[in-house]
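Student: I am new to this structure. Please take me through one part of it closely: the two strands and the side chains on them.

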Amino acid sequence: RGRTGAAAQSGAFQRMQEELEERERFAKEFEEREERLRSGKEEEDAGGRAAADSKPAVPAKPNPRVFLDIEVRGPELLGRSGKIEASGRLEFELFADAVPKTAE
């Protein structure tokens, strides 16, 4: 029985090590991607600054706010709707630059 527990424990330990390595690999890839993006933006800023200065600034659109009303009801009895157990409203702010107009 001791070997089974040790084998299971070493398997769990091995999975934990694999997850740790995967997290470290992900963090490294993320940092490299961020560095590439930063260096690309710096090049754009240096090269496109004169062109950007000549264009008028476009005002940013405000982020739309949407809502969703929710009710949680108990079970239906004898053909009648169940009693409202909880109700409320979820409010969201959509990012205007990322959400299409049809989502509003």
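Tutor: What follows starts with the whole chain and then turns to the strands.

This is a predicted model, in which local features need pLDDT of at least 70, side-chain atom pairs count only at pLDDT 80 or more, and totals for chains, interfaces and linings use all residues. Residues are numbered from 1 along each chain as its sequence is written, and side-chain values use heavy atoms, with hydrogens and water left out.

The protein chain has one helix and two strands. Their order from the N terminus is α-β-β. Both kinds of element are DSSP runs, numbered from the N terminus: helices are H or I with at least four residues, strands are E with at least two. Of the chain's 104 residues, 6% count as buried. Buried means under 20% relative accessible area, exposed over 50%, and partly exposed in between (1.4 Å probe, protein chains only).

Now the strands. Strand 1 covers residues 65-73 and strand 2 covers residues 84-93. Begin with their charged side chains. A salt bridge here is a side-chain nitrogen of Lys or Arg within 4 Å of a carboxyl oxygen of Asp or Glu. By this rule the structure has seven salt bridges.

One of them joins E93 and R65, at 3.9 Å from N to O. E93 lies in strand 2 and R65 in strand 1, so this pair ties together parts that are 28 residues apart in sequence. R65 is exposed, at 54% relative accessible area. E93 is partly exposed, at 44%. The pair also belongs to a wider group: R65, E91 and E93 are linked in a network of salt bridges.

Another salt bridge joins R73 and E71, with the closest N and O atoms 3.1 Å apart. R73 is partly exposed, at 42% relative accessible area. E71 is partly exposed too, at 46%.

Next come the nonpolar side chains. L68, I70, V72, L90 and F92 make a nonpolar surface patch of about 410 Å². Patch residues have over 30% relative accessible area and no salt bridge; like charges are joined within 9 Å, and nonpolar side chains (Val, Leu, Ile, Met, Phe, Trp, Tyr) within 5 Å. Each of the two strands supplies at least two residues of the patch. Strand 1 gives the largest share, three residues. V72 lies in strand 1. V72 counts as partly exposed, at 44% relative accessibility.

Rings come next. The charged end of R89 sits over the ring of F67, 3.8 Å from its centre. The rule asks for NZ of Lys or CZ of Arg within 6 Å of the ring centre and within 35 degrees of the ring normal.

For contrast, look at the helix. Helix 1 covers residues 2-54, and E35 and R38 are three residues apart in it, about one helical turn. Their side chains meet in a salt bridge of 3.1 Å, N to O. E35 is partly exposed at 45% relative accessibility, and R38 is partly exposed at 44%.

Finally, step back to the whole chain. Its accessible surface comes to about 10,000 Å², of which 54% belongs to carbon and sulfur atoms. Such areas come from the Shrake-Rupley method with a 1.4 Å probe; for residues, only the protein chains shown count as cover. Among contacts between residues at least 6 apart in sequence, 40% join residues at least 24 apart. A contact means heavy atoms within 4.5 Å.
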